[in-house]
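Student: Hey, got a minute to walk me through this one? I'd like to go wherever the questions lead.

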Amino acid sequence: MTKQLSDLSSVRNPVETAQGLPNAHYIDPAVFDVEKHALLFAEWAGLAVAADVPEPGDAKPIEFLGMPLLLLRDKDGDVRVFQNICRHRGMILVEEPRKIEGAIRCAYHSWCYSTKGALVSTPHVGGPGHNTHESIKRDDLGLTEIRSHIWQDVVWINVSGTALPFEDANADLIARWKEFDQPMYHGGDYSKFELPVQTNWKLAVENYCESYHLPWVHPGLNSYSRLEDHYHIEKPGQYSGQGTLVYRQLKGDEGQVFPDYAGLSEKWNEAAEYVALYPNVLLGVHRDHAFAIILQPIATDRTVEHVHLYYPAKETDPAMRSKNTALWKLVFEEDIFVVQGMQKGRHAPYFDGGRFSPVMDSPTHCFHDWVAGRVEAYRAQQKAAE
Ligand code: FES
Ligand SMILES: [Fe+2]
């Protein structure tokens with residue numbers, strides 16, 4: 001029958017003999033909770049994009065794995081992430097996306113915080129007419145800030161505070177895509193969309209990693225970018241994905257194309273790469289645009305995919321941007337039935353995690369190996385602390 005929860009050894013075998021993660025990793029709320037801590041809180045996870053809060057004062061409440069967070073651009077233009085609660089009685093501070101004019105005021109007893117999180121006023125805290133009290137030390141009562149970092153416009157957070165600095169933890173991918181470390185512009189309202197999917201967030205990662213399914217699931221894409229035009233990308237412990245050698249630029253009605261990123265090397269004339277940066281962000285780069293998909297895990301079998309498209313120039317043709325969004329939306333929608341179908345499949349009690357094609361599935365195995373390793377380490381840590 002199903003494997004023991006703790007038995008992840010076969011997942012960590014070489015791809016030729018490895019099995020996939022046990023069903024519990026997709027359907028058991030207790031394992032979802034373990035993965036929340038071991039994978040999503042302990043590492044740098046994607047929360048949102050900086051373009052969600054374009055102007056100073058813009059604030060957006062986001063619930064991340066049950067945690068109420070506030071994404072905020074402070075008055076100096078820096079993006080910050082706070083726990084979205086007041087330090088007085090724990091009231092939620094911001095309920096809807098809005099512009100903060102001046103300070104963030106708690107609706108309950110009116111304590112106010114600056115956009116940098118400092119507690120700046122505490123009306124009547126020392127009794128009527130007394131706005132201070134010696135035991136209420138404002139310097140110690142600022143909003144709780146969550147460690148964050150922006151890269152490729154994605155707002156990454158490390159909830160535990162224990163991960164390596166982002167640029168060290170992800171040095172390899174940053175170096176691989178160094179040529180794309182240049183200004184990028186969100187395409188605006190028609191360059192973003194959300195896809196709610198009835199699946200575990202990991203299945204969205206696993207499906208994104210591999211090109212094996214292309215001929216059957218993406219016949220349109222496959223008509224010019226065939227299986228044999230793809231290569232695997234694998235960095236154990238960090239990311240995996242695939243690249244294509246035949247990227248074709250989108251053309252407008254008069255043959256016009258999007259501008260290129262500046263100074264790209266020749267490789268990128270034809271290549272494009274698609275990488276899942278563990279745990280939950282799916283990235284794609286091309287000579288003339290990029291995209292980021294933030295996977296927001298909601299429950300064992302529910303995930304929201306937040307898709308954002310970017311261009312190397314501020315001004316691009318809106319009709320072409322819409323067309324590009326529509327093309328990608330179609331591709332990502334084509335994937336929904338498989339990630340949902342695999343999720344349903346995880347309720348089959350005799351499923352043993354499945355087997356991998358040693359040639360075609362190694363990027364997916366690379367992800368499973370990472371998940372299993374992190375979960376094992378987390379469990380060992382918990383046990384040691386008992
Ligand atoms: S809970 Fe915020 S001021 Fe009291
Ligand atoms: Fe796909």
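Student: Let's start somewhere odd. Where is Q152 found?

Tutor: Q152 is in the loop between β9 (145-151) and β10 (154-158). Keep in mind that this is a predicted model.

Student: Sure. And what's phi of Q152 near?

Tutor: Phi of Q152 is near 55 degrees, a positive value in a residue other than glycine. Most residues other than glycine have a negative phi.

Student: Is Q152 buried or exposed?

Tutor: Buried, with a relative accessible area of 8%. Q152 is also one of the residues lining the largest cavity.

Student: OK, cavities then. How many of 30 Å³ or more does a search of the whole structure find?

Tutor: One. The volume of the largest cavity is about 30 Å³.

Student: What lines the largest cavity?

Tutor: Q152, M184, L283, G284, A290, F291, A292 and Y310. By class that lining has six nonpolar and two polar residues, with no charged ones.

Student: Which strand gives the most to that lining?

Tutor: β17, with three residues. Both β16 (281-285) and β17 (290-299) supply at least two residues each.

Student: Back to backbone quirks. What other residue has a positive phi although it is not a glycine?

Tutor: L65 has one, at about 50 degrees. L65 lies in the loop between β2 (58-64) and β3 (67-73), and at 10% relative accessibility L65 counts as buried.

Student: Which peptide bond is cis?

Tutor: The one from Y278 to P279, with omega near 0 degrees. P279 is in the loop between β15 (272-277) and β16.

Student: Now the metal. What coordinates the iron ion (ligand 2)?

Tutor: H213 and H218 through NE2, plus D335 through OD, listed twice, at 2.1 to 2.5 Å. The donors follow the spacing H-x4-H-x116-D along the chain.

Student: What does that do for the fold, where do H213 and D335 lie?

Tutor: H213 lies in the loop between α5 (201-209) and α6 (214-217), and D335 in the loop between α9 (318-334) and α10 (336-345), so the pair ties together parts that are 122 residues apart in sequence. Both H213 and D335 are buried.

Student: And what's the geometry of the site, given its four donor atoms?

Tutor: Irregular, with angles of 55 to 147 degrees among the four donor atoms of the iron ion (ligand 2). Four donors would need all angles between 85 and 135 degrees to count as tetrahedral. Also, water is not among the atoms, so sites may look incomplete.

Student: You mentioned α5. How many of its nine residues are buried?

Tutor: Nine of the nine, so α5 is largely enclosed by the rest of the structure. Those buried residues include W201, K202, E206 and C209.

Student: Pockets next. What volume does the largest pocket have?

Tutor: About 650 Å³. The largest pocket is lined by 34 residues, with L221, Y224, Y274, W328 and V331 nearest its centre.

Student: Which element provides the largest share of that lining?

Tutor: α9, with seven residues. Among the others that each supply at least two are α5, α7 (219-222), β14 (239-244) and α10. By class, the lining of the largest pocket has 18 nonpolar, eleven polar and five charged residues.

Student: And the second largest pocket, what's the volume there?

Tutor: About 370 Å³. Of the 19 residues lining the second largest pocket, A42, E43, A163, W370 and R374 are the closest to its centre. Helix α11 (residues 362-385) gives the largest share of that lining, five residues. The lining divides into twelve nonpolar, five polar and two charged.

Student: Anything on A326, say which helix it's found in?

Tutor: α9. A326 is partly exposed, with a relative accessible area of 46%. The C-alpha atoms of A326 and F193 are separated by 10.0 Å, while the two residues are 133 apart along the chain.

Student: Last one, zooming out. How many helices and strands are in the chain?

Tutor: Eleven helices and 18 strands. The radius of gyration is 23 Å, close to the 21 Å that the globule rule gives for 386 residues, so the chain is as compact as a globular protein of that length. The C-alpha trace spans about 75 × 60 × 35 Å along its principal axes, and buried residues make up 52% of the 386.

Note on methods:
Residues are numbered from 1 along each chain as its sequence is written. Chains are lettered from A and ligands numbered from 1 in the order in which they are written. This is a predicted model: local features need pLDDT of at least 70, side-chain atom pairs count only at pLDDT 80 or more; totals for chains, interfaces and linings use all residues. Side-chain values use heavy atoms; hydrogens and water are left out. Donors are N, O and S atoms within 2.8 Å of the metal (3.2 Å for Na, K and Ca); water is not among the atoms, so sites may look incomplete. Four donors count as tetrahedral if all angles lie between 85 and 135 degrees; four count as square planar and six as octahedral if opposite donors are over 155 degrees apart and all others between 65 and 115; anything else is irregular. Helices (H or I, at least four residues) and strands (E, at least two) are DSSP runs, numbered from the N terminus. Buried means under 20% relative accessible area, exposed over 50%, partly exposed in between (1.4 Å probe, protein chains only). On a 1 Å grid over the protein atoms alone, a cavity is a set of points where a 1.4 Å probe fits but cannot get out, and a pocket is an open set with protein on both sides within 12 Å along at least five of seven lines; lining residues have an atom within 4 Å of a point. Grid points are joined across faces, edges and corners, and a volume is the space filled by probe spheres set on the points. Ala, Val, Leu, Ile, Met, Phe, Trp, Tyr, Cys and Pro count as nonpolar, Asp, Glu, Lys and Arg as charged, and the others, Gly among them, as polar. The radius of gyration is taken over C-alpha atoms; the globule rule is 2.2 Å times the number of residues to the power 0.38.
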